[in-house]
Amino acid sequence: MLPHSDVNKTETFQYFTPKFIFMPHFTHLTLLYLCFVALLLKVQSIDLIKSKSEQNRMEHHTDLYQSEDFIIRRGQTFQMWITLSRPFNPSTDKLHLNLKIGSVPTVSKGTHIIIPLVDELRDDRWEAAVVKQDDKKIKLSVNSLPTAVIGRYQLTVQTNCPNGQAVSTHEPANDIYILFNPWCEDDSVFMDSEDERKEYVLNDVGTIYYGTSQQIGQRTWNYGQFDEGILAACLFVLEKSGTPPSGWGDPVNVARIISAMVNSVDDHGVLEGNWSGNYSAGTSPTFWSGSVEILKEYHKYIGSPIKYGQCWVFAGVVTTVLRCLGIPCRTVTNFSSAHDTDVSLTTDVYLDENLDPLDHLNTDSVWNFHVWNDCWMARPDLPPGMGGWQAVDATPQETSQGTFCCGPASLMAIRNGQVYLKHDSAFVFAEVNSDKIYWQRNTDGTFSQIHSEKKIMGHFISTKAVGSNERNDITHLYKHPEGTEEERIAVESACRYGTKAEAYSSPTAEDVSIEVTMDGIGPQMGGDANLTISLKNSSSEARTVVLHSQVAVMYYTGVHKSTVRKDKTDVAILPSEKWSLEYEDYKDQLVDQAALMLTLSGRVKETQQVLATQFSFRLRTPDLNIKPIGKAMVGEKMAVEISFTNPLPRVLKGVMIHVEGLGLLTARTISCGDIGSRASVSMTEHFIPSLPGPRKLLASLDCKQLTQVHGVADITVQDKSNGAR
């Protein structure tokens, strides 16, 4: 006779009948054991309902990830089915879920999560409840913490019943990817505007600005945070940092880790920086047009840094990684961006007795433009009011606590000169609002301050506008309006914490001013540059100025490459005078961004007043023209024509064109050979679109003689089913 149980006796008898027929030697104890095993509650399968078109991923805003993995956001419930070896009996059976992340999962550190089964779910805790039962299948609704560690968790299910316990086998296909949740009010990255969430989390294409404050250029960048393999690559970057997963629930910490890991200087991070002009051992920074290829290559080669990046590439990759992980992020460009090397919070220019620059002392620099990132989060580690946008910068400039990283620094702290608040507020403040101080060497070798400029740094701080391709000027978020009492108070407050606080003294009377202007949108590559130097005498007496001018080719970082022209002129102050630089003067010295700087310094003979200013400008490059040919439809071949005209009176050698487009084609490089002086070329490229909707095809051209040439085409791809109607 079989032991009594709540399981159907006919089924139990059938289960054991073959044992009686074929193995009559079984003892009563053996039968008891087999019955015990039959009644043990085991997990047979787990269904996480993880299809992109199903409830979980749609509700968690993760349906755009091109992956069949189970990707959810913290602080939100999700559903799952568990199939058991027999029907679940809530009066005698127990069940809980185990989530583990990292090499040593620990409950106290939040890396081993035990999710109990409860009758009713409550907020702010990990819990699960049975919401439906269908014979051996139960459907669970699982609640997650809004402070949970983000990353890839291993899932197992432990069952308990009067006959014993069992633990399911870990299946990698059932791993759970948990991300930050800007839609959850209790998550520290919560953003309450749906339009902003669509832009700063869900938009996978953006605009990066470059050039100078008077000649703002732009290029389209494929962030591609939802592309296949990118989430895995981003989590690999976190793992490669060697930081404990227990800290991955804090967006301040994660943003700081990513800031460090996107450059390779001290941790073999994603990108190796190169500002030398020689990129023969890798890819020119101007050649990249997106982050996908970079991150996939880094993951593929198990953490070998990719060559090469400069500031906009570092920033583009940071935007991709943070958006992929769920932290709202945008790419930001600062024009006339200071690089303060000595924590003085001033940008110092040293001149000799003749007012010529002392290059070996001029370690501070002013970049024509510098690109970094803003990310959105609360700052419970700072005084109230410091949350919101935070600046992070992955370009390796100076170390922060021994590591090449920067931020996150509160924009509110930067704006008000509260440079003592972490992280790296002083450095970012100097970038956007430091004064430029001119020092002249005395005969005894000491230096005296002879001039200061107060409205030089931090112009037209730019990011892509929400919901459009327009430029959004966010300078007001970083600084008070120039010259206002609030702005001067912020500068003076900040400089109390710098190394040259004595630089601030009472202003002296000055009756001569100098200004440099440029007509229109400025000179084009291959043409002459014409600038206007205006000297204004506001006194009633005659003034004569001994004016020194020097034109230098600059890297966009403000680092001097070579002087191409130098003049000294005695000027009796008259109406504005024209100044011209011919193509022949600069053609052999240009680098990456075709940037030049005019430095003017002088002294008014009658009053000994010192004049000094610097003016950066760039030579505009032509666009690549991209023209779609035919109808764009998913799964059907189409083409684009790419055309270009060489603007230079010289041959472009070894020209390469890089083409890519999310949902259109994977990145590819086309060799175009040489392009003659002023010559035009065109080529046709074929591809098969894979995703419907509005898409952008990007192309960039690179060769030694000409860089920063790119183009973009908007292509609307129809779904095959819609197109057939």
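**Close-up 1. Packing around helix 6 in the predicted model.** The buried residues of helix 6 pack against three other helices, namely helix 5 (230-240), helix 7 (292-300) and helix 8 (311-325), and also against strand 17 (365-377) and strand 18 (388-392). Because 10 of the 11 residues of helix 6 (residues 251-261) are buried, this helix is largely enclosed by the rest of the structure. The buried residues include Pro251, Val252 and Val254, and the run from Ala255 through Arg256, Ile257, Ile258, Ser259 and Ala260 to Met261 is buried as well.

**Close-up 2. The N-terminal end of helix 6.** Asp250 caps this end of the helix, with a side-chain oxygen placed 3.0 Å from the backbone nitrogen of Val252, a residue that is itself among those buried in helix 6.

**Close-up 3. The crossing of helix 5 and helix 7.** These two helices pack at an angle of about 55 degrees, and their axes are 9 Å apart. Helix 5 is therefore oblique to helix 7, and the crossing is left-handed. On the side of helix 5 the contact is made by Ile230, Ala232, Ala233, Cys234, Phe236, Val237 and Lys240, while helix 7 contributes Val292, Leu295, Lys296, Tyr298 and His299.

**Close-up 4. An open sheet of 3 strands.** The strands follow the order 16-20-21, and their pairing is mixed. Strand 16 (346-351) and strand 21 (447-453) are the edge strands, each of which pairs on one side only. From one strand to the next, the twist averages 30 degrees. Strand 16 pairs with strand 20 (residues 435-441) in the parallel sense over 6 bridges, and Val349 stands opposite Tyr438 of strand 20.

Terms used. Residues numbered from 1 in each chain as written. Predicted model: local features only at pLDDT ≥ 70, side-chain atom pairs only at ≥ 80, totals over all residues. Heavy atoms only, no water. Buried < 20%, exposed > 50% of the residue type's maximum accessible area, 1.4 Å probe, protein only. Helix = DSSP H or I, 4+ residues; strand = E, 2+ residues; numbered from the N terminus. Contact = heavy atoms within 4.5 Å. Polar contact = N/O pair within 3.5 Å; in protein donor to acceptor, adjacent residues only side chain to side chain. Pairing = 2+ DSSP bridges. Axes fitted to C-alpha atoms, helices over the stretch in contact; angles between N-to-C directions. Parallel < 35°, antiparallel > 145°, perpendicular 65-115°, else oblique. Left-handed = near helix turned anticlockwise from the far one by under 90°.
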